[in-house]
Amino acid sequence: MPSNNINMWWGSLLLLAAAVAVAAAEPPSTLAGPSRPVTVTPRENRGHAVDLPDTDPRVQRRATGWAPEQVAVALSAAPTSAWVSWITGEFQMGGTVKPLDPRTVGSVVRYGLAADSLVREATGDALVYSQLYPFEGLHNYTSGIIHHVRLQGLEPGTKYYYQCGDPAIPGAMSAVHAFRTMPAAGPRSYPGRIAVVGDLGLTYNTTSTVDHMTSNRPDLVVLVGDVSYANMYLTNGTGTDCYSCSFGKSTPIHETYQPRWDYWGRYMEPVTSSTPMMVVEGNHEIEEQIGNKTFAAYRSRFAFPSAESGSFSPFYYSFDAGGIHFIMLGAYADYGRSGEQYRWLEKDLAKVDRSVTPWLVAGWHAPWYTTYKAHYREVECMRVAMEELLYSHGLDIAFTGHVHAYERSNRVFNYTLDPCGAVYISVGDGGNREKMATTHADEPGHCPDPRPKPNAFIAGFCAFNFTSGPAAGRFCWDRQPDYSAYRESSFGHGILEVKNETHALWRWHRNQDLYGSAGDEIYIVREPERCLHKHNSTRPAHGP
Ligand SMILES: [Fe+2]
Ligand SMILES: [Fe+2]
């Protein structure tokens, strides 16, 4: 063979090899239909599930006087607006606490398009909250002054520099921070990367999750509940990996140690001051105190676009991020069909214009399609109430947490594989101090008792045996259910990259892997011609 021909032959072979390599590296796609269920056996190295102590410099108060700390940015419903939140002053912890007067320090944000040109100013509101346990030997807590300021009239997709605090008090303005607004709503306009995390807590595993997450440079962080795990502590600061095992019978009320919230806010500030973060409540945010008061820290510390999205509730709201309409739902608020949340959801869904925001993505805390033993079918009543409505509006993806492991579903509706059903992704593997979920409900001898456990926050009982399909007559399957595409008990986080109106790349990153490498990845592909017509023209015949 002449040398020219040999070179061409080798060249063709190399090109072919390169093409095969590229093809092999291409993530799978939901267009290929449901994939065979995969369980990845837990790896040995599960990290260091120990909380950061109060001596860790990352959780200690660095601010002095009335200087702001725990600075955080959240989105409003539209990309032309955003919230800036921070805390001034010191919390108090003790038998007697005297709440600070929130009028002591002003709530001002100065902002602009350059660090040396903060020419615009917005003012907002301040509040304090207390966590009170008037029982013998328990301590009370009252917060620093929490400020929330809404910026309006912003340009979408634009970097803004800002300082927050009170310009009238010397030393009471923050350093200059910067964040970028979401791109304008539109079918060809998407944020680069959206990080999705759940059940973070504040352990050394959390720090690994957050390090991996920041290495992916997200434009937005979505946190699907279970934040600080302050309720794993007594008011004297003693913590445990299992509250009910250690303290359950010995305390008059389920205590919390609220300074853990401040530790969390301080640790997260480098992320939250520069990347908008949206939070929805988990069960660890319930935090009951005297007078049946609940969720005080959650509703006080975070800003939510509740009024802007018409929900007027911190427990559920919606917002746009480019061509994605996000709906955050309350798994611990009334979700019944005659309740306010459901009526708001109907109205919000009816307003969505899929030619402007093609993607419909939801987030809430407790998963509907988990197959782990922990929390298996725990919020079945929420699924029964809401799944049909979301399906009929063409929900694309649902993110949840709560179960401390990772799991991704095939497209499913009412436990049935359905090419127009949503993909359910559970990322409760953020790294908190509670045990990781490792047992599956389909393992022999591990199907949990379906009878309801006393829980004032998960109403009703809906978790009946399956009536049809391979698991008919049983509460659990005898193998990994076909709706479960991939499950693994490792800590990590996920990144959603919406590419265009139809294609989004989802990548889940394990903490034990190198930065940037994906443990699970899939192209989630919308099929509007096939599905939206079906969704809009008929209500599903086989509703739950
Ligand atoms: Fe939870
Ligand atoms: Fe959790």
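**A quick tour: paired strands and two iron ions**

Strand 19 (residues 397–400) and strand 23 (residues 423–427) run side by side in the parallel sense, joined over four bridges. Keep in mind that this is a predicted model. Besides the strands, there are two iron ions to look at, ligand 1 and ligand 2, and they sit 3.3 Å apart.

**The sheet**

- Zooming in on that strand pair, Ala 398 has Tyr 424 in strand 23 as its bridge partner.
- In general, strands of a sheet pair through backbone hydrogen bonds, either parallel or antiparallel.
- Here the open sheet has eight strands in the order 1-24-20-23-19-18-17-16, and the pairing is mixed.
- At the edges you'll find strand 1 (38–40) and strand 16 (317–321), each of which pairs on one side only.
- On average, neighbouring strands of this sheet are turned by 15° against each other, ignoring direction.
- Helix 6 (residues 340–351) lies across strand 16, strand 17 (324–328) and strand 18, and runs at about 180° to strand 17.

**Iron ion, ligand 1**

- Four protein residues hold this ion: Asp 226 (OD), Asn 283 (OD1), His 365 (NE2) and His 402 (ND1), at 2.0 to 2.2 Å.
- Along the chain, these donors follow the spacing D-x56-N-x81-H-x36-H.
- Two of them come from distant parts of the chain: Asp 226 is in the loop between strand 14 (220–223) and helix 3 (243–246), while His 365 is in the loop between strand 18 (359–363) and helix 7 (380–392), 139 residues apart.
- Asp 226 and His 365 are both buried.
- The angles between the four donor atoms run from 89 to 158°, which is why the arrangement counts as irregular.

**Iron ion, ligand 2**

- Its donors are Asp 199 (OD), Asp 226 (OD), Tyr 229 (OH) and His 404 (NE2), at 2.1 to 2.2 Å.
- The four donor atoms here span angles of 86 to 172°, so this arrangement is irregular too.
- In sequence, the spacing reads D-x26-D-x2-Y-x174-H.
- Asp 199 is in the loop between strand 13 (194–197) and helix 2 (204–215), and Tyr 229 is in the loop between strand 14 and helix 3, so the two tie together parts 30 residues apart in sequence.
- Asp 199 and Tyr 229 are both buried.
- Asp 226 turns up again because it bridges the two iron ions, ligand 2 and ligand 1.

**What the record says**

- An unreviewed UniProt entry lists residues 193–406 as "domain: Calcineurin-like phosphoesterase".
- Over residues 193–406, the chain is 29% helix and 14% strand, with the end C-alpha atoms 19 Å apart.

Note on methods
Residues numbered from 1 in each chain as written. Chains lettered and ligands numbered in written order. Predicted model: local features only at pLDDT ≥ 70, side-chain atom pairs only at ≥ 80, totals over all residues. Heavy atoms only, no water. Donors = N, O, S within 2.8 Å, 3.2 Å for Na, K, Ca; no water. Tetrahedral: all angles 85-135°; square planar, octahedral: opposite > 155°, others 65-115°. Buried < 20%, exposed > 50% of the residue type's maximum accessible area, 1.4 Å probe, protein only. UniProt positions renumbered as here; feature names shortened; annotations may be inferred. Pairing = 2+ DSSP bridges. Axes fitted to C-alpha atoms, helices over the stretch in contact; angles between N-to-C directions. Contact = heavy atoms within 4.5 Å.
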